[in-house]
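Visitor: I would like a close look at one part of this structure, the loops and what surrounds them, with each step of the reasoning spelled out. Please carry on from there to whatever empty space the model contains.

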Amino acid sequence: MSLISSVSIAQLFSIPARRQRYLDVEAALALAQADLDVIPQDAATQIAAAAHLHRLDAARIDADEYRTAHPLMPLINELARVVGESAGGWIHWGATTQNIQQTADVLGLRLALNLLTTQLCELLDALTMLTERSAHLVMAGRTHGQQAVPITFGFKAAIWTDAFLRHLERVQQLRPRLLTAMMGGAVGNFASLGDIGPAVQRRVAERLGLTPMPLPARSLADPFAELVCLLGMLAGTGASVAGEVARLMANEFGEVSEALGEGDVGSSTMPQKRNPKKSAAVITLSAQIRALVPLALEAMIHSHEVEGARTAMMDAALQQGCVLSSDLLTLLGEVIGGLELYPERMAENLQLSGGLINAEAVMMQLGQTIGRGEAHEVVHHAARVVAIQGGGVGFLDVLSQDPRVQAELSAEELTRLLDPATHTGLSAMLANETSARARRALAQMQLREEGPNDIP
């Protein structure tokens with residue numbers, strides 16, 4: 001991937017980065033207005049040339065911000081000072097603070113989405129490889145904490161892959177709703193610019209690679225809430241995957257393990273411990289991200305045409321959600337990429353019930369001749385006998401002694417039906433189909449990234 005993987009999302013939300021984006025929007029506004037003869041071309045050219053943070057006095061901006069308690073006016077005043085009196089008076093023409101800040105923040109969110117998309121694609125690549133290499137690896141499928149029927153580990157990994165594929169799709173679907181320029185003025189009705197206002201907004205959007213906000217009202221925050229909700233869903237899937245890895249790492253299962261780093265210490269007092277550290281960190285991050293969803297939904301509720309407290313809530317939810325999601329994807333990618341599988345232990349666990357895990361296979365075969373209801377009763381009775389008597393008797397023995405089974409199934413047929421490898425259904429096929437679908441999606445993302453019309 002060639003997206004901005006060398007840049008951290010935390011850097012994208014730094015004060016200097018945000019200030020530069022404010023300047024970028026101010027420059028785009030001035031140039032757009034000059035294009036439409038709203039302000040003089042010379043003034044717009046001077047404003048755009050000066051709109052670079054390194055040309056401004058950061059200490060002066062900080063001091064003025066402390067004095068005025070305003071997040072944008074000190075930057076505008078400093079830009080005007082550098083530009084000079086004649087051109088400086090045209091800066092921020094007809095705009096309100098939120099027009100600049102929200103449009104600039106959207107530029108930051110675009111960069112954040114690009115980075116999160118890169119990380120999500122890298123995770124999907126690791127999941128695809130895991131799915132492919134374990135497509136035929138038989139293990140116990142479990143429901144409600146109990147062994148159910150055999151599956152393959154690749155089928156389990158395919159479930160994870162399928163969920164993250166939908167998250168990738170949701171990210172792409174959200175882009176046109178989220179990546180918009182807002183230049184509607186004080187309340188969003190273009191009162192300051194009049195009839196030319198929508199054209200100015202369109203031209204600003206074109207210059208910034210965004211789309212114009214259809215109704216630039218300052219109280220409309222649902223696209224931002226949608227992003228936070230999407231990050232919450234992604235985090236929920238991440239916690240589900242990490243939690244399963246942690247469970248299967250337990251001694252009682254011992255079917256998988258996180259890769260053990262060189263020099264890793266599991267416990268200060270128990271040297272044998274091999275704790276699911278990265279999985280635990282993913283689960284913790286997931287809880288923090290999901291906790292931001294109610295905050296984002298609360299931030300949608302504005303009084304009148306805008307409410308500053310709600311805007312600040314949304315800013316916090318967006319910044320924290322993006323930063324934490326990047327950390328989560330990094331850690332989960334390391335877990336999946338280095339996951340160790342233990343086929344021998346999976347095979348041992350398949351035998352724990354003495355064949356009961358294949359009860360469904362026996363019932364379905366018997367049902368073809370004696371009906372599903374009676375077959376269920378026969379197999380259920382045999383399973384209860386095994387459960388009551390414990391390890392002293394096997395499922396095959398109990399079934400073999402039942403006259404109703406003897407009349408329909410030979411010893412060889414019973415033995416075959418109780419082999420876990422014969423009852424994994426379409427696990428391997430579904431795993432391979434899912435990995436192929438993921439590879440197609442990743443190839444499309446690569447083409448989109450390399451294409452001439454890709455979103456910056």
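Guide: A residue counts as exposed when its relative accessible area is over 50%, and as buried when that value is under 20%. The model is a predicted one, and three of its loop residues can be sorted with these two cut-offs. His144, which sits in the loop between strand 1 (138-143) and strand 2 (146-152), has a relative accessibility of 82% and therefore counts as exposed. Its phi is near 55°, a positive value in a residue other than glycine. Phe190 also has a positive phi without being a glycine, here near 60°, and it belongs to the loop between strand 3 (180-181) and helix 9 (197-208). Phe190, however, is buried, because its relative accessible area is 12%.

The third residue, Asn358, lies in the loop between helix 14 (343-350) and helix 15, and at 0% relative accessibility it counts as buried. Leaving aside residues up to four places away in sequence, Asn358 touches Pro150, Leu417, Leu418, Asp419, Pro420, Thr422 and His423. With one of these, Leu417, there is a polar contact, in which the side chain of Asn358 reaches the backbone oxygen of Leu417 at 2.7 Å.

From that loop the chain runs into helix 15 (residues 359-370), whose 12 residues should span 16 Å at 1.5 Å a residue, and because its end C-alpha atoms are 16 Å apart, the expected and computed spans agree. The buried residues of helix 15 are Ala359, Ala361, Val362, Met363, Leu366 and Gly367. When reading such a list, it helps to recall that an α-helix has 3.6 residues a turn, so residues three or four places apart point the same way. The cover over the buried residues of helix 15 includes helix 16 (372-389), helix 17 (395-400), helix 18 (403-406) and helix 19 (411-417). After helix 15 comes Gly371, with a positive phi near 90°.

Turning to empty space, the structure holds one cavity of 30 Å³ or more, and the largest cavity has a volume of about 60 Å³. Its lining consists of Leu113, Leu116, Thr117, Leu120, Val171, Leu230, Leu231 and Leu234, with helix 7 and helix 10 (222-249) as the elements that give two or more residues. Helix 7 gives the most to this lining, four residues. By class, seven of the residues lining the cavity are nonpolar and one is polar, while none is charged.

As for the open spaces, the largest pocket encloses about 440 Å³ and has 27 lining residues, with Gln98, Gln102, Asp105, Thr311 and Asp315 lying nearest its centre. Two or more lining residues come from each of helix 2 (15-35), helix 7 (97-133) and helix 13 (308-337). By class, the lining of the largest pocket has 13 nonpolar, eight polar and six charged residues.

The second largest pocket holds about 240 Å³, and the residues that line it include Asp162, Arg166, Glu169, Arg437, Arg440 and Arg448. Helix 8 (153-178) and helix 20 (427-450) are the elements that give it two or more lining residues. Its lining, taken by class, comprises four nonpolar, two polar and six charged residues.

Notes
Residues are numbered from 1 along each chain as its sequence is written. This is a predicted model: local features need pLDDT of at least 70, side-chain atom pairs count only at pLDDT 80 or more; totals for chains, interfaces and linings use all residues. Side-chain values use heavy atoms; hydrogens and water are left out. On a 1 Å grid over the protein atoms alone, a cavity is a set of points where a 1.4 Å probe fits but cannot get out, and a pocket is an open set with protein on both sides within 12 Å along at least five of seven lines; lining residues have an atom within 4 Å of a point. Grid points are joined across faces, edges and corners, and a volume is the space filled by probe spheres set on the points. Ala, Val, Leu, Ile, Met, Phe, Trp, Tyr, Cys and Pro count as nonpolar, Asp, Glu, Lys and Arg as charged, and the others, Gly among them, as polar. The expected span of a helix is 1.5 Å times one less than its number of residues. Buried means under 20% relative accessible area, exposed over 50%, partly exposed in between (1.4 Å probe, protein chains only). Contact means heavy atoms within 4.5 Å. A polar contact is a pair of N or O atoms within 3.5 Å; within protein, one must be able to donate a hydrogen and the other to accept it, and residues adjacent in sequence count only if both atoms are side-chain atoms.
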